[in-house]
Amino acid sequence: MARRGNSIIKGIEINEIISVLNKAYADEWLAYYQYFIEAKVIKGIMKDAAIAELTQHAADELRHANMVADRILQLGGTPLLHPQEWFTHTNCGYEEPKDFDVVSILEDSIKGEQCAISVYSHIVEMTRHKDVVTYDIVSQILADEVEHEEDLQTLHDDITEFITDIKKNMH
Ligand SMILES: [Fe+2]
Ligand SMILES: [Fe+2]
């Protein structure tokens, strides 16, 4: 635990920060696995472009899990030790892929990113001017999640447009 480092935290309980970070930590692991498995099972048109995107996102979520775990430890907390706790702590849950079609997979993923954006913007607000180190980390993660949503939405729109064009040309 960073003693002097933690003495600069003002106006907020360290335990409260650890608790919200552990919930975000659960979300990151579930998001990581969701992207990992989506990239494996996905089917349909332009799936290679989607696989590249999903694989990149999986790597980013795992990197976020790392960043959050390291900050929890600095604060004197313990990152969740059992995967079962991911489900009891998660904010965003886990969207099991039911339909493996590219468009539904991308829609599931967009929902997940929108939830992540809400979670991190809440932690950003909570730590602003109070815990500058956590604030900095969650701001970086928030920027990544915004980029994730944008990338998935663009890909989703390209694919649906492409499908519409094909259908038009068939008539
Ligand atoms: Fe993330
Ligand atoms: Fe993300």
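**Exercise 1. At what angle do helix 2 and helix 5 pack, and how far apart are their axes?**

Before starting, note that this is a predicted model, in which local features need pLDDT of at least 70, side-chain atom pairs count only at pLDDT 80 or more, and totals for chains, interfaces and linings use all residues. Residues are numbered from 1 along each chain as its sequence is written, while chains are lettered from A and ligands numbered from 1 in the order in which they are written.

*Step 1.* Find the elements: helices are DSSP runs of H or I with at least four residues, strands are runs of E with at least two, and both are numbered from the N terminus. Helix 2 covers residues 14-41 and helix 5 covers residues 102-127.

*Step 2.* Fit the axes as lines to C-alpha atoms, for helices over the stretch in contact, with angles from 0 to 180 degrees between N-to-C directions. The angle comes out at about 160°, and the axes are 11 Å apart. That makes helix 2 roughly antiparallel to helix 5 (angles over 145 degrees count as roughly antiparallel, under 35 as roughly parallel, 65 to 115 as roughly perpendicular and the rest as oblique).

*Step 3.* List the contacts, taking two residues to be in contact if their C-beta atoms, placed from the backbone, lie within 7 Å. On the helix 2 side are Ile17, Val20, Ala24, Asp27, Ala31, Gln34 and Glu38; they meet Ile105, Ser109, Gly112, Ala116, Val119, Ile123, Met126 and Thr127 of helix 5. By class, this contact of helix 2 with helix 5 has nine nonpolar, four polar and two charged residues (Ala, Val, Leu, Ile, Met, Phe, Trp, Tyr, Cys and Pro count as nonpolar, Asp, Glu, Lys and Arg as charged, the others, Gly among them, as polar).

**Exercise 2. Describe how helix 3 and helix 6 pack.**

*Step 1.* Their angle is about 170°, with the axes 11 Å apart. Helix 3 and helix 6 are therefore roughly antiparallel to each other.

*Step 2.* Helix 3 contributes Ala49, Ala50, Glu53, His57, Asp60, His64, Met67 and Arg71, and helix 6 contributes Thr134, Ile137, Ile141, Asp144, His148, Asp151, Leu152 and Leu155. The contact of helix 3 with helix 6 divides into seven nonpolar, four polar and five charged residues.

**Exercise 3. Is histidine 57 buried or exposed?**

*Step 1.* Place histidine 57 in helix 3, residues 47-74.

*Step 2.* Count neighbours: 26 other C-beta atoms lie within 10 Å, so histidine 57 is buried (buried needs 20 or more other C-beta atoms within 10 Å, exposed 12 or fewer, partly exposed in between, with C-beta atoms placed from the backbone).

*Step 3.* Setting aside neighbours within four places in sequence, histidine 57 is in contact with Tyr35 and His148. His148 is itself among the buried residues of helix 6, and what covers those residues includes helix 2, helix 3 and helix 5.

**Exercise 4. Which loops hold methionine 46 and histidine 129?**

*Step 1.* Methionine 46 lies between helix 2 and helix 3, and histidine 129 between helix 5 and helix 6.

*Step 2.* Check phi, remembering that most residues other than glycine have a negative one. Methionine 46 has a positive phi near 55°, and histidine 129 a positive phi near 65°.

*Step 3.* Finish with exposure: methionine 46 counts as partly exposed because it has 14 C-beta neighbours inside 10 Å, while histidine 129 is exposed, with 9 other C-beta atoms within 10 Å.
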